[in-house]
Amino acid sequence: MRLELEDVHHVYAPGTRFEVPALRGVSLAVEPGEVLAVVGGTGSGKSTLAQHLNLLLKPTRGRLLVDGEDARGMKLGELRRRVGLVFQFPEAQLFESSVRRDVAFAPRRLGLGEDAVGERVRQALAELEISHLADRSPFSLSGGERRRAAIAGVLAMDPEVLVLDEPTAGLDPFARAELLGLVRRFRERGRSVVLISHDLDEVAEVADRVCVLERGRVRALGTPEEVFYANPALAPATVRVMAALGRAEAGRPVRFADTLQALKELLEG
Amino acid sequence: MLGRGLGQFYPAESPVHRLDPRAKIVAAGAIVAGLFLVDSMAGFLVIGGAVVAALVVSRVPVGSFLRAMRPVLFILVITSLFQILFYRRGELIFGWGWIQVYTGGVELAAFLALRLALLISATTLLTATTSPLALADGLEDLLSPLSRLRFPAHELAMMMSIALRFIPTLSSEAEKVMKAQAARGAEFSEGGLLRRARALVPVLVPLTIGAFKRADELAEAMESRGYRGGAGRTRYRELRFRPPDAAVLALAVAAVAGGALV
């Protein structure tokens with residue numbers, strides 16, 4: 001599934017004195033099977049952009065295309081199943097008496113039979129490695145476990161595109177690494193992930209492409225090498241180190257492992 | 001995003017905004033009480049004139065004033081309709097099957113509608129021109145004589161201002177949770193009343209839990225900054241009762257007395 005935003009504008013509270021333009025002409029495609037990272041400061045429009053990908057927010061101007069066709073012609077429920085959106089701090093959406101029942105909420109809403117719902121729940125819980133918590137109350141879990149239960153609740157819809165809004169905010173380094181593992185596994189199955197983040201180090205590890213938003217506009221879009229080496233001051237630690245060294249023969253590594261390899265070669269050579 | 005409904009504060013620079021909140025509360029109270037003493041059209045005109053004059057001086061735009069009153073319009077229409085249809089005194093002026101309209105009913109409906117409309121106008125004007133904080137301060141001060149009878153005046157005012165302060169927070173939280181559940185396939189505007197009420201469960205549970213958590217955090221933050229209730233507390237904003245306040249109070253009483261006597 002290919003999602004494309006075409007010259008999307010969004011204005012909050014139009015026509016009132018609280019009017020705020022959040023997106024000002026964003027054009028961007030999410031290709032099948034890629035991890036697209038959207039980075040930018042607070043107020044740059046990242047979360048607004050995320051909510052346009054399943055039309056929870058409607059563009060004030062411009063449109064969303066799904067596989068080349070205008071999404072307004074699609075059923076909203078269908079679009080929201082295929083584009084799974086995980087909000088920032090999603091643990092605030094847990095409401096059921098057990099993790100299993102909470103994760104079953106979305107597949108039940110799809111009208112699946114009991115067996116199919118059970119299967120979806122099992123898969124989602126296994127994917128997030130929380131099968132052992134299935135019968136616990138979501139309110140008795142730790143912060144990281146709650147976050148994973150909430151993400152499982154979206155994965156249970158079996159979406160083709162997964163949109164994660166700041167999924168690692170407030171998580172410890174271990175939980176963060178596990179979550180990035182989930183992103184990679186999801187892509188390996190040929191599906192796409194939109195990762196909204198302001199942690200450039202984690203973006204460096206998993207992103208295939210990076211989109212930099214600034215005050216509602218796309219400031220830069222390309223591979224991590226292109227985007228980060230074009231502006232090393234605003235880049236992950238790996239790129240900052242390589243740029244500061246200024247050794248062109250080392251190439252343009254972005255990921256930690258690649259950077260380490262390049263540095264080793266420099267030291268030995 | 002921002003709830004603009006009944007009782008919304010409209011910040012502006014005007015003589016009415018600058019009045020002592022105590023004067024405004026008492027004046028509004030007098031007018032509300034007076035409305036129940038009035039039983040003539042002329043009396044309503046006198047009080048209505050006073051309210052309209054205050055509205056003009058307050059610089060609250062009439063449009064947003066009326067919009068703030070809109071939620072009550074429904075009640076107003078329903079009550080009037082009931083009076084017209086079911087009060088059967090005076091002369092019959094219209095009859096069609098079981099629908100029978102009498103002069104007494106129309107008269108009563110007009111009185112009731114006027115009384116309600118003026119009552120709501122007076123209180124809306126009070127909340128539109130007085131910030132929630134000033135309102136709570138004024139109320140606390142007016143109730144403080146009762147604290148000798150162990151009435152928790154300060155606590156009541158504090159509860160009121162906290163409740164008002166958190167309405168926008170809760171409504172933005174509700175919006176967020178609703179969106180998150182909509183992303184999981186929840187539908188809030190589908191089906192009959194029962195189904196819609198059930199659809200709200202996934203919103204109300206997280207909202208309630210969040211509210212309790214926020215209350216705990218707020219209490220902790222207040223205590224860590226030394227809050228221990230009203231005893232011995234001084235105020236940053238001292239209320240001052242000045243000549244214009246006395247004048248407004250006198251005018252309100254005069255309007256009520258005039259309205260009741262005409």
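**Two chains, two builds**

Chain A has a radius of gyration of 20 Å, and this agrees with the value near 18 Å that a compact globule of 269 residues would have. Everything described here comes from a predicted model, so it helps to keep the word "predicted" in mind throughout. Along its principal axes, the C-alpha trace of chain A spans about 60 × 50 × 35 Å. As for secondary structure, chain A comes to 10 helices and 10 strands. Of its 269 residues, 49% are buried. Contacts in chain A between residues at least 6 apart in sequence often reach a long way along the chain: 64% of them join residues at least 24 apart. The accessible surface of chain A adds up to about 12,300 Å², and 51% of that belongs to carbon and sulfur atoms. Charged side chains in chain A number 37 positive and 39 negative, with the centres of the two sets 5 Å apart.

Now for chain B. Here the radius of gyration is 23 Å, whereas a compact globule of 262 residues would have one near 18 Å. The C-alpha atoms of chain B fill a box of roughly 70 × 60 × 40 Å along the principal axes. Chain B holds 10 helices and two strands. Read from the N terminus, its elements go α-α-α-α-β-β-α-α-α-α-α-α, with the β-β pair sitting after four helices and before six more. Buried residues account for 32% of the 262 in chain B. Among its contacts with a separation of 6 or more, 71% are between residues 24 or more positions apart. About 16,100 Å² of chain B is exposed, and carbon and sulfur atoms supply 67% of that area. Chain B carries 28 positive and 19 negative charges, whose mean positions are 3 Å apart.

How confident is the prediction for chain B? The mean pLDDT of chain B is 87, and 97% of its residues reach 70 or more. Within chain B, confidence is lowest in strand β1 (residues 92–96), with a mean of 81, and highest in helix α9 (residues 201–224), at 94.

Helix α9 of chain B turns up again where the two chains meet. The story there starts with helix α3 of chain A (residues 99–109), whose buried residues are A:Val99, A:Asp102, A:Val103, A:Ala104, A:Phe105, A:Ala106 and A:Pro107. On the chain A side, these buried residues pack against α4 (114–127) and α5 (143–155). On the chain B side, the buried residues of α3(A) pack against α7 (153–183) and α9. After α3(A) comes A:Gly111, with a positive phi near 80°.

Positive phi values also show up at two residues that are not glycines. Most residues other than glycine have a negative phi. A:Ala13, though not a glycine, has a positive phi of about 50°. This alanine lies in the chain A loop between β1 (3–12) and β2 (20–30). With a relative accessible area of 24%, A:Ala13 counts as partly exposed, because that class runs from 20% to 50%. In chain B, B:Arg59 is not a glycine either, and its phi is positive at about 65°. B:Arg59 also sits in a loop, the one between α3 (41–58) and α4 (62–86) of chain B. Its relative accessible area is 55%, so B:Arg59 is exposed, the cut-off being over 50%.

Two buried residues, one from each chain, round off the picture. A:Val254 is in the loop between α9 (237–245) and α10 (256–268) of chain A. Even in a loop, A:Val254 is buried, because its relative accessible area is 5%, and buried means under 20%. Leaving out residues up to four places away in sequence, A:Val254 touches A:Ala204, A:Pro224, A:Glu225, A:Phe228, A:Tyr229, A:Thr238, A:Val239 and A:Thr259. A:Gly40 is 214 residues away from A:Val254 along the chain, and their C-alpha atoms are separated by 18 Å.

The chain B example is B:Arg22, found in helix α2 (residues 21–35). This arginine counts as buried because its relative accessibility is 16%. With residues up to four places away in sequence again left out, B:Arg22 touches B:Gly138, B:Asp141, B:Leu142, B:Leu239, B:Arg240 and B:Phe241.

How values were computed
Residues numbered from 1 in each chain as written. Chains lettered and ligands numbered in written order. Heavy atoms only, no water. Rg over C-alpha atoms; globule rule 2.2 N^0.38 Å. Buried < 20%, exposed > 50% of the residue type's maximum accessible area, 1.4 Å probe, protein only. Contact = heavy atoms within 4.5 Å. Areas by Shrake-Rupley, 256 points an atom, 1.4 Å probe, with all protein chains shown as cover. Lys, Arg positive; Asp, Glu negative; His and termini not counted. Charge placed at Lys NZ, Arg CZ, Asp CG, Glu CD. pLDDT = per-residue confidence, 0-100.
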